[in-house]
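Here is a short, friendly tour of one protein model. Have a look at the sequence and the fold first, and then we can walk through some of the details together.

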Amino acid sequence: MKSGTALLNNMSKELDEIRKVLEAHSTKEGLDAALYFLPGKVKQNIYGVRTPVLNQLARQYLHGGFPLVKELWKAGSLEEKILAGKMLGHIAKKDPSLSIRLVGSFSMQIKNWAECDCLGMQSLKPVVKTHHKEIFALARKLNGAVNFWQRRLSLVLVEWYTRDKVFHPQINQLVKALEDDEEYYVKKAIVWIKKNFKKGK
């Protein structure tokens with residue numbers, strides 16, 4: 001079911017194995033479901049693999065560490081990038097600073113809200129309590145980006161903190177800066193954050 005570019009010439013053994021599993025679990029139904037995540041005419045390789053398979057692969061290949069995370073993201077298919085985000089979430093505690101830098105770097109190649117929200121909600125989840133200053137610093141940096149996926153990510157990154165009123169002033173600053181944003185997925189993130197605020201009242 002995968003479309004588009006050829007395989008990387010110098011892929012690792014782990015990436016080669018992962019791609020074989022993705023090919024084996026590719027289905028038309030999975031592909032149709034994945035296409036839902038792609039706005040407009042974004043061109044991207046898609047295998048059409050369901051989330052349970054990706055979750056299993058993320059756990060199975062943790063030994064690949066940060067090098068495999070970076071390789072998967074660079075490989076570029078929807079599932080490979082989601083895998084990179086999920087794997088990062090399992091190993092972020094090993095090097096929180098590197099993990100935060102990787103999310104910032106990866107943010108420049110986000111192509112859909114599935115990738116955006118995986119990075120924002122899963123990749124740094126293990127360090128949200130210990131590294132809130134660094135995460136908010138990244139969110140503020142992305143908040144004024146030209147790339148609207150980065151602007152959405154600036155809000156998704158701090159979604160976890162809506163449950164703690166101590167962080168509400170900082171979150172409100174991020175939201176206020178984007179209140180007039182015309183991008184659909186940024187608007188959706190604002191609505192999401194505001195709903196969370198209301199739940200906490």
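## Around Tyr185

Tyr185 is buried, since its relative accessibility of 16% falls under the 20% cut-off. Please keep in mind throughout that this is a predicted model. The residue belongs to helix α11. Its C-alpha atom lies 9.9 Å from that of Leu153, although 32 residues separate Tyr185 and Leu153 in sequence.

Next to Tyr185 in the chain sits Tyr184, which is partly exposed at 49% relative accessible area. What about aromatic pairs? How many are there? The count comes to eight. Tyr184 and Tyr185 form an edge-to-face pair, with 5.0 Å from centre to centre and 85° between the planes. Elsewhere, Phe136, Trp160, Tyr161 and Phe167 come together in one aromatic cluster.

## The second largest pocket

Both tyrosines, Tyr184 and Tyr185, also help to line the second largest pocket. This pocket has a volume of about 180 Å³. Its lining also includes Tyr36, Trp113, Asp117, Arg152, Lys188, Ala189 and Trp192. Which helix gives the most to this lining? That is α11, with five residues. Helices α7 and α11 each supply at least two lining residues.

## Helix α9, an enclosed element

Arg152, one of the lining residues of that pocket, is also among the buried residues of α9. Helix α9 covers residues 148-156, and eight of its nine residues are buried, so the rest of the structure largely encloses it. The buried ones are Trp149, Gln150, Arg151, Arg152, Leu153, Ser154, Leu155 and Val156. What covers them? The cover includes α6 (96-106), α7 (113-123), α8 (132-143), α10 (168-177) and α11 (184-199). At the N-terminal end of α9, Asn147 acts as a cap, with a side-chain oxygen 2.8 Å from the backbone nitrogen of Trp149.

## Glu80 and Pro126

Now let us turn to two further residues. Glu80 is part of helix α5, which spans residues 78-91. Is Glu80 buried or exposed? It is buried, because its relative accessible area of 1% is under 20%. Leaving aside neighbours within four places in sequence, Glu80 is in contact with Leu15, Arg19, Leu22, Tyr47, Leu72, Trp73 and Ala75. Trp73, one of these contacts of Glu80, has Lys81 over its face, at 4.7 Å from the ring centre.

Pro126 sits in the loop between α7 and α8. With a relative accessible area of 28%, Pro126 is partly exposed. Apart from neighbours within four places in sequence, it touches Gly89, Ala92 and Lys93.

The table sets out how far some C-alpha atoms lie from each other, along the chain and in space.

| Pair | Apart along the chain | C-alpha to C-alpha |
|---|---|---|
| Glu80 and Tyr47 | 33 residues | 9.2 Å |
| Pro126 and Gly76 | 50 residues | 24 Å |
| Tyr185 and Leu153 | 32 residues | 9.9 Å |

Tyr47 appears in the table at 9.2 Å from Glu80, C-alpha to C-alpha, and it is also one of the residues in contact with Glu80. Leu153, in turn, is among the buried residues of α9, while its partner in the table, Tyr185, lies in α11. Helix α11 is included in the cover over the buried residues of α9.

How values were computed: Residues are numbered from 1 along each chain as its sequence is written. This is a predicted model: local features need pLDDT of at least 70, side-chain atom pairs count only at pLDDT 80 or more; totals for chains, interfaces and linings use all residues. Side-chain values use heavy atoms; hydrogens and water are left out. Buried means under 20% relative accessible area, exposed over 50%, partly exposed in between (1.4 Å probe, protein chains only). Helices (H or I, at least four residues) and strands (E, at least two) are DSSP runs, numbered from the N terminus. Contact means heavy atoms within 4.5 Å. A polar contact is a pair of N or O atoms within 3.5 Å; within protein, one must be able to donate a hydrogen and the other to accept it, and residues adjacent in sequence count only if both atoms are side-chain atoms. Rings of Phe, Tyr and Trp (its six-membered ring) pair if their centres lie within 6.5 Å; planes under 30 degrees apart count as stacked, over 60 as edge-to-face and the rest as tilted. A charge sits over a ring if NZ of Lys or CZ of Arg is within 6 Å of the ring centre and within 35 degrees of the ring normal. On a 1 Å grid over the protein atoms alone, a cavity is a set of points where a 1.4 Å probe fits but cannot get out, and a pocket is an open set with protein on both sides within 12 Å along at least five of seven lines; lining residues have an atom within 4 Å of a point. Grid points are joined across faces, edges and corners, and a volume is the space filled by probe spheres set on the points.
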